[in-house]
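Please open the structure in your viewer and keep the selection panel at hand. The stops below move from single residues to strands and sheets, and then out to the chain as a whole.

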Amino acid sequence: MNDLLIKHAKYNGQWYTPLQFCKKFELQNKTKKKNTLKLKCADGCDLIFKHTCKYYTQQGTQVVRQAHFAHKSVSRRDACLAMRKYSGGGGESYTHYRTKMNIAEQKNLKLIRQCADSDCNKKKRKYIPGNCYTAIEHRVNNRWLVDVAFFDKTTHLLKMVIEVKHKHGVDGEKRKWLIDQDFLYVEVGCNTESNTHLIIDSECVYYCTVTEGEIQYECELGRATREREQEKEEEEEYRREKWLQNQRIENQKRRMEEVIRVQELLKEKQRQREERETKWKKRMAKRRFLHNKATVLESACRAYLAKCKVQCLRKKTKAAVRIQSIWRCYKACETVKKIKKHRREMAIQQRQEEERHKRYLEILKEQVAERRRIQLIKDAEDRKKRREKRFREEIYASQQRKQAQQEEEKLAEIKRKRQRMKQREKRQDRKQIELQKKTVSYQKMINQNRQAFGLKKRKLQSNIACFFKKK
Ligand SMILES: [Zn+2]
Ligand SMILES: [Zn+2]
């Protein structure tokens, strides 16, 4: 509902929202007929009502269109003053509409205006023309729409115009024109409940108490207040000055008193000083007299004391000499005793020391013997070890020798064997040659050679054994 551009439509003098009108089926039908009353916008253009409907776009998304009013023709919509007036901010706001209706329907309307005087904040009821009927969104000067217009019931003349300010107020050319006219023009703030509205703009500057026919720059009440304050200030100033004067007089008096007091103090001090001086002189004279007497007395005392001292010293010396001799005797006895005791102790200590020394020597001897015994045992062990080692080495050497001998024997055996083998082979070869010599072919070859040398042929000798051997 909030984003609709046309939020209300007028039918037969009453305003409807789209939600209200969608329930009026008869009216919806009637407005569509020819030559009948039509739905009007605030500027008086013909409107049509469109119901809620759902449809799908080509992309397949569902769109819900809410019920709304629309201008019948595009040209009227573009020229419409109401559309222009509420084009910014998505149409007329609900608060603005409610305030407008509250003013238009109010029977007991009150307008109050605040005094412009700096020292007067009085709010006074503004006279408004009575016996009027109202019209909302009335067209003026064929250019603008005013929120509420008041017309005289008998003459039907425009008597007053009220504009409601919500976010945007009336300004510029429209305001200038409204002020210049004969009728009364006021601007008020939003107020949907009360019948009393505070004026926030109108012609001239307003002062609550004025004398007719003069251009005013202050109100009577303000002036009275200012005069009172000025009087008060003057009185205050006078009082302050008087107080300052009193202060000055008092200060002077105080200073005078102070001077007198200081003078008296100085006098008193002088007197005291003089008194002190006389006292001091008296005391000094007395002291001198006493000093003389005391000197005589002191010399007598000194003589007496010296005498006493000498006598006393003599007595003391005698006593001291005696005491000293007794003390020396006692001390000598003590020393002798101490020396004897010391000697005894020394002898005992020496004996003990000698015994200890003897014991120590014995222990040392024992230790030396023990060490020698251990050394002997060690030497014996060493010798034994050396012997064992030598024995082992001899055994090892003999084994080595035996082995070498055996190896030599083996080598000699192998040599003999090889010689035997060679002799056997030689024997066999000789035997073979012998055998060969015995063959027929050999004998023939010999005969051939003999023949060649001109010798006689030998007789061929052959046996069966040779034959087999040849084969
Ligand atoms: Zn219109
Ligand atoms: Zn005033």
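In which loop is Asn-35 found? Select Asn-35 in this predicted model, and you will be in the loop between α2 (25-31) and β3. Phi of Asn-35 is near 55°, which is a positive value in a residue other than glycine. Most residues other than glycine have a negative phi. Asn-35 counts as exposed because it has 5 C-beta neighbours inside 10 Å, and the cut-off for that class is 12 or fewer.

**The hairpin and strand β4**

Next, select strand β3 (residues 39-40) together with β4, and you will see an antiparallel pair joined over 2 bridges. One place to look for the pairing is Lys-40, whose bridge partner in β4 is Asp-46. Between the two strands of this hairpin there are 5 residues, and Gly-44 takes a positive phi near 90°.

Now show the side chains of strand β4 (residues 46-50), which alternate along the strand. In a regular strand the side chains alternate between the two faces of the sheet. Here Leu-47 and Phe-49 point to one face and are buried, whereas Asp-46, Ile-48 and Lys-50 point to the other face and are not buried. Adding strand β7 (residues 68-71) to the selection shows that β4 also pairs with β7, in the antiparallel sense and over 4 bridges. Within β7, the residue that stands opposite Ile-48 is Ala-70.

**Lys-85 and a partner far along the chain**

Move on to helix α4 (residues 81-85) and pick out Lys-85, which has its place there. Is Lys-85 buried or partly exposed? With 19 other C-beta atoms within 10 Å, Lys-85 is partly exposed, because 20 or more would be needed for a residue to be buried. If you draw a distance from the C-alpha atom of Lys-85 to that of Val-146, the two are separated by 9.7 Å, although they are 61 residues apart along the chain.

**The seven-stranded sheet**

Select the strands from β8 to β14, which form an open sheet of 7 strands with mixed pairing. Read across the sheet, their order is β9-β8-β14-β13-β12-β11-β10. At the edges stand β9 (123-125) and β10 (132-140), each with a single partner strand, so one side of each is left without a neighbour in the sheet. Direction ignored, neighbouring strands of this sheet are turned by 40° against each other on average.

Within the sheet, focus on strand β12 (residues 158-164) and strand β13 (residues 184-188), which run parallel and are joined by 5 bridges. Glu-163 has Glu-187 in β13 as its bridge partner.

Then step back to the loop between β11 (144-152) and β12, where His-156 lies. His-156 has a phi near 60°, again a positive value in a residue other than glycine. With 9 C-beta neighbours inside 10 Å, His-156 counts as exposed.

**Helix α8 and Gln-443**

Jump to helix α8 (residues 440-452) and select Gln-443. This residue is partly exposed, with 17 other C-beta atoms within 10 Å. Leaving aside neighbours within four places in sequence, Gln-443 is in contact with Arg-458, Leu-460 and Gln-461. A distance drawn from Gln-443 to Glu-277, C-alpha to C-alpha, spans 198 Å in space, while the two are 166 residues apart in sequence.

**The whole chain**

Finally, zoom out until the entire chain is in view, with its 9 helices and 14 strands. The radius of gyration of the chain is 83 Å, well over the 23 Å that the globule rule gives for 471 residues, so the chain is more spread out than a compact globule. Taken along the principal axes, its C-alpha atoms fill a box of roughly 200 × 165 × 50 Å. Of the 471 residues, 11% count as buried.

Colour the chain by the domain assignment, which gives domain 1 (1-91), domain 2 (93-218) and domain 3 (439-470). The centres of domain 2 and domain 3, taken over C-alpha atoms, are separated by 183 Å.

As a last step, colour by pLDDT, for which the mean of the chain is 90, with 96% of its residues reaching 70 or more. Among the elements of the chain, helix α7 (residues 220-438) has the highest mean pLDDT (94), and helix α9 (residues 464-470) has the lowest (60).

How values were computed:
Residues numbered from 1 in each chain as written. Chains lettered and ligands numbered in written order. Predicted model: local features only at pLDDT ≥ 70, side-chain atom pairs only at ≥ 80, totals over all residues. Pairing = 2+ DSSP bridges. pLDDT = per-residue confidence, 0-100. Domains from an automatic or database assignment. Rg over C-alpha atoms; globule rule 2.2 N^0.38 Å. Axes fitted to C-alpha atoms, helices over the stretch in contact; angles between N-to-C directions. Contact = placed C-beta atoms within 7 Å.
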